[in-house]
Amino acid sequence: MTVFCLVELDGGTVDGDAAGVADVSLRAITLARGLAASGGLAAVVFGDPPVSDLAAYGVTDVYAVSGIDGYAPRAWARVLQWLMSEAGHAVVAAGTERGNEVLAHLGAITGLPMAANCTQAVDNGAGAYAIVRQRWAGLLLEEAVLEAPVALLTVATDAVAPVPAAVAASATVHHVAPSVDGGDLAVRAVETPAGAGGASLATARVVVGGGRGVGSADGFAPLEELAALLGGVVGVSRVVTSEGWRPHTQQVGQTGTKITPDLYLACGISGAIQHFAGCSGAKNIIAINTDPAAPMMTRADYAVIGNLHEVVPALVIALRERAAAAG
Ligand SMILES: Cc1cc2nc3c(=O)[nH]c(=O)nc-3n(C[C@H](O)[C@H](O)[C@H](O)COP(=O)(O)OP(=O)(O)OC[C@H]3O[C@@H](n4cnc5c(N)ncnc54)[C@H](O)[C@@H]3O)c2cc1C
């Protein structure tokens, strides 16, 4: 029996490296590997799979799915349904907006229960899985038993450390070109942020964050350009979405998206606890703020005391020059 893991890709690096496995998916694979025990561990990738990275995490089979343009949640779920019908005993995904949406579709299609944002899962046999999962945006941990012939689980994006396998697997690649019903493509993402290489807020390697200090909707133009130059996406605080400057889909935090980028550049964000709950998984935080005592400044790896309306354009000019010099 096989555990299938839906793998999301990040946007690649600023220097043009191909997209890699998103950090949140490495975390999901780590949990899935524990469930797979002696069975197979399969990664399902919509796009070009970074096979050696997946093998390092113990993936034995890689399903490279082509022919579905962009992110189409119901079509992705159909592919997972088809794969799991062969030999699946669990389907796992990262607890991102995409992972939760695709597995919710899979649950609706198959009639199987789905548990979101798990931090632990143990196969007790006979179709019973002991799980621990986050509720109330991670404020509460719930212990539950999921009874299902095939477990559908998403993994909390900030709770399981990404750990490579003790011994890398030798992964077999299977190319899959499904024929998809037009109705399953009715909802499809047709646009991605410039430069982000298709990465979502939850999977981007670089996030440029803007808060009340940005001052207006128009004030985000330099942050957009900075994000594009860094191969990242824009994230915002709740004040920004409440003001209507940016959509809620870009909100980082307890009631927004949890991010785990290599770099979070927080501009004009005070760092309230509810915001920090969403960005504490960032590997490096650089804060730009006029107030040196703002919580984001004291928690950041690097802090720039200054006006973001001067610092961000200066960064944009420096990066443009670097890009021009590189040809
Ligand atoms: C139940 C609940 C859930 C919540 N969920 C979330 C959530 O998911 N995400 C979230 O973000 N918030 C959330 N909040 C709101 C949160 O408490 C804060 O109010 C919010 O994060 C503050 O946003 P901010 O940092 O942009 O604004 P402020 O706290 O007003 O901070 C603005 C910062 O910008 C700086 N600044 C101003 N001008 C400049 C300039 N020109 N250059 C540089 N710096 C400048 C200031 O010094 C200040 O530090 C939640 C609150 C509650 C009660």
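In this text Ala, Val, Leu, Ile, Met, Phe, Trp, Tyr, Cys and Pro count as nonpolar, Asp, Glu, Lys and Arg as charged, and the others, Gly among them, as polar. The structure is a predicted model, in which local features need pLDDT of at least 70 and side-chain atom pairs count only at pLDDT 80 or more, while totals for chains, interfaces and linings use all residues. Residues are numbered from 1 along each chain as its sequence is written, and side-chain values use heavy atoms, with hydrogens and water left out.

**Exercise 1. The ligand shell**

Determine how the shell around the ligand divides by class, and identify the residues that come nearest to the ligand.

Solution.
1. A residue is near the ligand if one of its heavy atoms lies within 4 Å of it. The residues around the ligand number 26, and Arg212, Ser237, Thr255, Ser270 and Asn289 come nearest.
2. By class, the shell holds 17 polar, 6 nonpolar and 3 charged residues.
3. Helices H6 (238–242), H7 (273–279) and H9 (308–325) each contribute at least two residues to this shell. Helices (H or I, at least four residues) and strands (E, at least two) are DSSP runs, numbered from the N terminus.
4. Consider next the polar atoms. An oxygen atom of the ligand lies 2.6 Å from a polar side-chain atom of arginine 212. For serine 237, a side-chain N or O atom is 2.6 Å from a ligand oxygen, and for glutamine 251 the corresponding distance is 2.8 Å.
5. The ligand taken alone exposes 980 Å², of which the protein buries 74%; these areas come from the Shrake-Rupley method with a 1.4 Å probe, and for residues only the protein chains shown count as cover.

**Exercise 2. The buried face of H5**

Which residues of helix H5 (221–229) are buried, and how are they placed about its axis?

Solution.
1. Buried means under 20% relative accessible area, exposed over 50%, and partly exposed in between (1.4 Å probe, protein chains only). In H5, Leu223, Leu226 and Ala227 are buried.
2. Viewed down the axis of H5, the buried residues fall within an arc of 100°, so they line one face of the helix. The arc is that of the directions from the helix axis to the C-beta atoms.
3. These residues pack against three strands, E10 (206–210), E11 (233–236) and E12 (263–267), and against helix H9.
4. After H5 comes glycine 231, with a positive phi near 70°.

**Exercise 3. Two buried loop residues**

Locate threonine 96 and aspartate 184, and state the polar contact that each side chain makes.

Solution.
1. Threonine 96 belongs to the loop that joins strand E4 (88–94) to helix H4 (97–110). Its relative accessible area is 3%, so threonine 96 is buried.
2. The side chains of threonine 96 and glutamate 8 make a polar contact at 2.6 Å. A polar contact is a pair of N or O atoms within 3.5 Å; within protein, one must be able to donate a hydrogen and the other to accept it, and residues adjacent in sequence count only if both atoms are side-chain atoms.
3. Apart from neighbours within four places in sequence, threonine 96 is in contact (heavy atoms within 4.5 Å) with Glu8, Val24, Thr157 and Ala202.
4. Aspartate 184 sits in the loop between strand E9 (172–176) and E10. With 6% relative accessibility, aspartate 184 is buried.
5. The side chain of aspartate 184 makes a polar contact with that of arginine 74 (3.1 Å). Beyond four places in sequence, aspartate 184 touches Ala72, Arg74, Ala75 and Arg78.

**Exercise 4. Positive phi outside glycine**

For asparagine 117 and alanine 126, give the phi value, the location and the exposure.

Solution.
1. Most residues other than glycine have a negative phi.
2. Asparagine 117 has a positive phi, near 60°. This residue lies in strand E5 (114–123) and, at 23% relative accessibility, is partly exposed.
3. Alanine 126, also not a glycine, has a positive phi of about 55°. Alanine 126 is placed in the loop between E5 and strand E6 (128–135), and its relative accessibility of 89% makes it exposed.

**Exercise 5. Alanine 43**

Is alanine 43 buried or exposed, and which residues does it contact?

Solution.
1. Alanine 43 is part of strand E2 (40–46). Its relative accessible area is 0%, so alanine 43 is buried.
2. Neighbours within four places aside, alanine 43 is in contact with Cys5, Val7, Leu54, Val59, Asp61, Val62 and Tyr63.
3. From alanine 43 to valine 3 the C-alpha distance is 8.6 Å, across 40 residues of sequence.
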